[in-house]
Amino acid sequence: MIQTLPITEFDFDAGHLIWDGREPKAYAERHVKGAKNQPLGQIDAAAIKQTEGVLHVLCGGGTRAKKAAELIEQIDPSRTIVILQGGTRKAVAESLPTVTG
């Protein structure tokens, strides 16, 4: 099941699993606190099986996150996926917790 949540409503301190679907270079420039780089092209059944529970996905603005969520749902229909709307750009604009490197 795919759900959406504005990134401004996300609890960064709750320890949720977050996948950032951008390429490594973009991820390294800046990403939200707690996000793991999982490029869209590297999402597969093996990667998904290494995770448990709700999977939050984002990207720079939303396009890759939507594609990632659809792919994850196709591979594991029982998984709950939450798209963090607005992505990294919105997080930066709103001064939400982000990291470089």
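**Exercise 1. Find which residue W19 stands opposite in β4, and then find the bridge partner of W19 in β5.**

Step 1. Begin with β4, where W19 stands opposite K36; strands here are DSSP runs of E with at least two residues, helices are DSSP runs of H or I with at least four, and both are numbered from the N terminus. The model is predicted, so local features need pLDDT of at least 70 and side-chain atom pairs count only at pLDDT 80 or more, whereas totals for chains, interfaces and linings use all residues. Residues are numbered from 1 along each chain as its sequence is written, and side-chain values use heavy atoms, with hydrogens and water left out.

Step 2. Strand β2 (residues 17–20) and strand β4 (residues 35–37) pair in the parallel sense over three bridges, pairing being assigned if DSSP finds at least two bridges between two strands.

Step 3. Turn next to β5, in which V57 is the bridge partner of W19; β2 and β5 run parallel and are joined by four bridges.

**Exercise 2. Decide whether H56 is buried or exposed, and list the residues that it touches.**

Step 1. Locate H56 in strand β5, which covers residues 55–58.

Step 2. The relative accessibility of H56 is 6%, and therefore H56 counts as buried, given that buried means under 20% relative accessible area, exposed over 50% and partly exposed in between, with a 1.4 Å probe and protein chains only.

Step 3. Leaving aside residues up to four places away in sequence, H56 touches F10, H16, L17, I18, W19, V82 and L84, where contact means heavy atoms within 4.5 Å.

**Exercise 3. Determine which parts of the chain are tied together by the salt bridge between K33 and D13.**

Step 1. The side chains of K33 and D13 meet in a salt bridge at 2.8 Å, N to O, a salt bridge being a side-chain nitrogen of Lys or Arg within 4 Å of a carboxyl oxygen of Asp or Glu.

Step 2. K33 lies in the loop between β3 (31–32) and β4, while D13 lies in the loop between β1 (2–6) and β2, so the pair ties together parts that are 20 residues apart in sequence.

Step 3. K33 is partly exposed, with a relative accessible area of 35%, whereas D13 is exposed, at 64%.

Step 4. For another example, take E70 and K66, whose closest N and O atoms are 2.6 Å apart in a salt bridge; both residues lie in helix α3 (residues 63–75), four residues apart, about one turn of the helix.
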